[in-house]
Amino acid sequence: MTEKGVRTMPKTEYVIEPGKQEIVTTTVLDAPRELVFKAYTDPKLFAQWWGPRRYEIKIDKFDSRAGGEWRVIHKGDDGAEYAFRGVNHDVVAPERICATFEFEGVPGHVALQTATFEPIGNKTKLVAQIVFQSVMDRDGMVASGMEEGSDESMERLAELLEKLSKDKSGR
Amino acid sequence: MATDHLSTTFAALADPTRRAILARLSQGEASVTELAKPFDLSLPGVSKHLKVLQRAGLITQGRSAQWRPCRLEVGRLKEASEWVGEYQRFWDESFQRLDEVLQDLIKEEKKKNDGKGSQDNAQD
């Protein structure tokens, strides 16, 4: 499926297994990994892509060194603000970023996210793993952003079943 | 909250036989005997799975005496798929934007390199 642009969307795979505390997201980006790493660690670039377009993004803190703090705010049309923060535990250019992640709306539920950038020729395979403190945390985080139900969700029903089958069958 | 349903729903979905039962029921209602057939399972075996699915609210079983048809209840599945969908929407859109940012960067660098004439590709 293509959106209105010329380019197709990067194909992304999500693995969300029942009963686990993690989500693993894999995508291949059509750019060398140095650039992908830059887009992750340069606040000006980061502000251009992180999160849905409908939010205005404000970078409060963005220290991309090991031990550096980050704090990013999403602002909706209605003026509501959603702030996220954490600390970069490990930043290894251009291979890996490991950081804590907390949604300030639900304080105290801290997740650990690791993004690894693997070169495939001139492209980059990006694997983002996020590990929550509990299964409830994992399932709750996204549920909290669920208010705007969508009609297309029925279409995804089959996809969901298919995805879950892929994860578990044959084991 | 939705989260508790989700845990039950996901736990029920964690079994391949139960997912196959749901897939079968997505084509229309079926009796327990009909459901047991493709799975090489005893009736009590299937009943056990059906009970889990029922408890998770994923299916209901009719009351009519002999042929108590099982039926898919889409509400819970919808909730689970919406949950997954929200996370996907966030990242699908982010990665799409990231892709655009990257393509702009690549274009910029190309322009810079072309401007300099032929040089090696080394960058800092």
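**A walk through a two-chain model**

A:Thr12 is a buried residue, with a relative accessible area of 18%, which places it under the 20% limit that buried residues must meet. The model in which this residue is seen is a predicted one, and A:Thr12 makes a convenient point of entry to it. The residue belongs to strand E1 of chain A, a strand that covers residues 12-15. Its side chain makes a polar contact of 3.1 Å with the side chain of A:Thr27. Once neighbours within four places in sequence are set aside, the contacts of A:Thr12 are A:Thr25, A:Thr26 and A:Thr27 from chain A, together with B:Asp92 and B:Phe95 from chain B.

From this residue we can turn to the chain that holds it. Chain A contains 4 helices and 8 strands, and read from the N terminus these elements follow the order β-β-α-α-β-β-β-β-β-β-α-α. Of its 171 residues, 43% count as buried, while its exposed area is about 9300 Å², with 51% of that supplied by carbon and sulfur atoms. Among the contacts in chain A between residues at least 6 apart in sequence, 36% join residues at least 24 apart.

Helix H1 of chain A, residues 33-41, is mostly covered, since 7 of its 9 residues fall under the 20% limit and are buried. The buried residues of H1(A) are A:Arg33, A:Leu35, A:Val36, A:Phe37, A:Ala39, A:Tyr40 and A:Thr41.

Further along chain A, the strands offer an example of aromatic pairing, and over all chains the structure holds 17 aromatic pairs. In one of them, the rings of A:Trp70 and A:Phe101 have their centres 6.1 Å apart and their planes at 35°, so the pair counts as tilted. Because A:Trp70 lies in strand E4 (residues 69-75) and A:Phe101 in strand E6 (residues 96-103), the pair ties together parts of chain A that are 31 residues apart in sequence. Both A:Trp70 and A:Phe101 are buried.

The loop between strand E5 (81-92) and E6 of chain A contains A:Pro94. Most peptide bonds are trans, but the one that joins A:Ala93 and A:Pro94 is cis, with omega at about -10°. Also in chain A, A:Cys98 counts as buried at 10% relative accessibility, and in chain B the residue B:Cys70 is buried with a relative accessible area of 0%. A disulfide is a covalent bond between the sulfur atoms of two cysteines; over all chains, the count of disulfides comes to 0.

Chain B has 5 helices and 2 strands, arranged from the N terminus as α-α-α-α-β-β-α. Of its 124 residues, 44% count as buried, and its accessible surface comes to about 6900 Å², of which 49% belongs to carbon and sulfur atoms. Among contacts in chain B with a separation of 6 or more, 52% are accounted for by residues 24 or more positions apart.

Helix H2 of chain B, residues 16-25, shows how burial can be distributed around a helix axis: its buried residues are B:Arg18, B:Arg19, B:Ile21, B:Leu22 and B:Leu25. These residues lie on the same side of H2(B), because they cover an arc of only 155° around the axis. At the start of H2(B), a side-chain oxygen of B:Asp15 comes to within 2.9 Å of the backbone nitrogen of B:Thr17.

How values were computed: Residues numbered from 1 in each chain as written. Chains lettered and ligands numbered in written order. Predicted model: local features only at pLDDT ≥ 70, side-chain atom pairs only at ≥ 80, totals over all residues. Heavy atoms only, no water. Buried < 20%, exposed > 50% of the residue type's maximum accessible area, 1.4 Å probe, protein only. Contact = heavy atoms within 4.5 Å. Areas by Shrake-Rupley, 256 points an atom, 1.4 Å probe, with all protein chains shown as cover. Arc of directions from axis to C-beta. Polar contact = N/O pair within 3.5 Å; in protein donor to acceptor, adjacent residues only side chain to side chain. Disulfide = S-S within 2.5 Å. Phe/Tyr/Trp six-rings, centres within 6.5 Å; stacked < 30°, edge-to-face > 60°.
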